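Me: I should like to understand how the descriptive terms applied to a structure are justified. May I put some questions about the one shown here?

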Amino acid sequence: MTSAPVRESTAVTTAPTRILVLNSGSSSLKYQLIDMRDHSRLAMGLAEKIGEDTSALVHTPLLGEGAGTKRIRTTRFADHEEALQAVAVELAADGIGLDSPELAAIGHRVVHGGLKFSAPTVVTDEVMAEIERLVPVAPLHNPANITGIRTAQALRPDLPQVAVFDTAFHTTMPEYAARYAIDVETADAHRIRRYGFHGTSHAYVSRKTAALLGKDPSEVNVIVLHLGNGASASAVAGGRCVDTSMGLTPLEGLVMGTRSGDLDPAVIFHLERVAGMSTDEIDTLLNKKSGLVGLCGENDMREIRRRIDEGDKQAELAFEIYIHRLKKYIGAYCAVLGRVDAVAFTAGVGENAAPVREAAVAGLAELGLAVDADLNSVRSDEPRIISPEYARVAVAVVPTDEELEIANQVYELVSTVENADN
């Protein structure tokens with residue numbers, strides 16, 4: 001992420017312009033405070049190991065004299081409430097505390113919104129109840145998101161709390177892309193369908209890719225490849241998602257750091273019957289001990305590439321499996337979209353691993369895809385085209401900014417509500 005320019009605090013405007021973005025994990029709390037007047041970051045940080053014997057808060061102010069200097073606090077946070085209270089103390093020390101009249105709202109990343117939530121939503125009791133009802137399809141994520149919302153509500157009950165859903169961008173998928181081919185009554189009774197995730201990233205990157213091409217999003221068809229420890233692909237036609245690789249949960253799709261991605265479902269029955277594994281053991285295997293970790297014991301692409309350079313055949317095989325799955329989705333989404341204007345790589349691996357980008361499009365010249373070796377080798381925090389001029393389809397590297405996307409959606413919503421009230 002490119003750091004925003006340092007600027008001194010300005011006078012309070014007629015309407016508050018700051019958005020605090022919270023991303024609550026099961027044992028972590030990630031945050032950014034953003035001023036929507038110029039999209040500058042005022043502060044950012046991460047509280048980790050919440051509930052463990054020793055927790056840590058790394059806070060980085062981006063305003064004033066101490067801008068860019070990390071402050072590390074090692075203590076014990078029993079829960080998210082204590083962690084957020086510690087964050088409030090750090091922000092107050094920078095003169096931008098949670099009690100500031102310039103704070104317009106708090107935005108919360110919520111992983112699963114089901115079909116009910118297709119847009120950012122002000123949190124009410126009814127909204128919280130629906131998020132709780134979705135816990136069975138997002139047991140690792142929604143409970144932590146709920147905790148973060150409740151904690152923020154307790155600290156600032158007067159402030160709008162806005163939920164921004166990972167699944168929202170994918171609610172535009174047609175039924176034939178979202179439905180699984182199982183009994184309809186069973187599927188509907190248990191909310192079984194493709195929901196997709198990383199939606200804020202796919203929305204942001206698809207829009208930024210269109211801008212990079214000098215076009216409106218409505219004119220562009222883009223394949224977005226969000227490649228981090230979690231990885232997903234999406235087919236975006238004219239600004240609307242028409243297909244995505246993750247499904248009911250974030251397990252389906254691409255090979256990931258610790259997740260298997262696509263798998264014959266009969267493997268689960270086989271492990272239960274033949275290996276005597278329990279449902280929880282299989283869940284742990286597929287979510288935490290599979291993917292690149294399962295294939296070669298490592299989920300850091302830099303380390304995998306280092307091992308390949310040293311002749312490690314297991315690492316090489318893991319990389320080939322990763323790329324093979326990626327190519328299958330690129331080809332599939334070329335077919336789904338019909339016309340592809342760009343393929344955009346984003347997130348930690350997508351933005352930084354040139355060998356992944358090169359390998360992913362190698363041999364796809366008939367689909368109009370190629371990368372320029374020199375352009376691909378350049379490291380930059382800016383969106384850029386890495387395909388040669390002759391390529392029919394642009395290949396781009398577009399750094400994602402999920403926090404800014406959340407802040408934009410939250411600010412637009414609260415501004416609209418405020419204007420309506422006035």
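**Terms and their grounds**

Reply: Please note that this is a predicted model. One feature to begin with is the second largest pocket, which has 17 lining residues; Ser118, Pro120, Phe169, Glu405 and Gln409 are the ones nearest its centre. Strand S8 (161-165), helix H6 (199-212) and helix H15 (402-421) each give two or more residues to this lining. The volume of the second largest pocket is about 280 Å³.

Me: Why is His59 called buried?

Reply: The relative accessible area of His59 is 0%. Buried means under 20%, so His59 is buried. His59 belongs to strand S4 (residues 55-61).

Me: What makes the pairing of the side chains of His59 and Tyr31 a polar contact?

Reply: The distance between them is 2.6 Å, and a polar contact requires suitable N or O atoms within 3.5 Å. The side chain of His59 also makes a polar contact with that of Asp94, at 2.7 Å.

Me: Why is Asn299 described as partly exposed?

Reply: Its relative accessible area is 32%. Partly exposed covers what lies between under 20% and over 50%, so the description applies to Asn299. Asn299 is located in the loop between helix H9 (291-296) and helix H10 (301-309).

Me: What joins the side chains of Asn299 and Asn229?

Reply: They are joined by a polar contact of 2.9 Å, a value that falls within the 3.5 Å limit. Beyond four places away in sequence, Asn299 touches residues including Gly257 and Leu292.

Technical notes: Residues are numbered from 1 along each chain as its sequence is written. This is a predicted model: local features need pLDDT of at least 70, side-chain atom pairs count only at pLDDT 80 or more; totals for chains, interfaces and linings use all residues. Side-chain values use heavy atoms; hydrogens and water are left out. Helices (H or I, at least four residues) and strands (E, at least two) are DSSP runs, numbered from the N terminus. Buried means under 20% relative accessible area, exposed over 50%, partly exposed in between (1.4 Å probe, protein chains only). A polar contact is a pair of N or O atoms within 3.5 Å; within protein, one must be able to donate a hydrogen and the other to accept it, and residues adjacent in sequence count only if both atoms are side-chain atoms. On a 1 Å grid over the protein atoms alone, a cavity is a set of points where a 1.4 Å probe fits but cannot get out, and a pocket is an open set with protein on both sides within 12 Å along at least five of seven lines; lining residues have an atom within 4 Å of a point. Grid points are joined across faces, edges and corners, and a volume is the space filled by probe spheres set on the points. Contact means heavy atoms within 4.5 Å.
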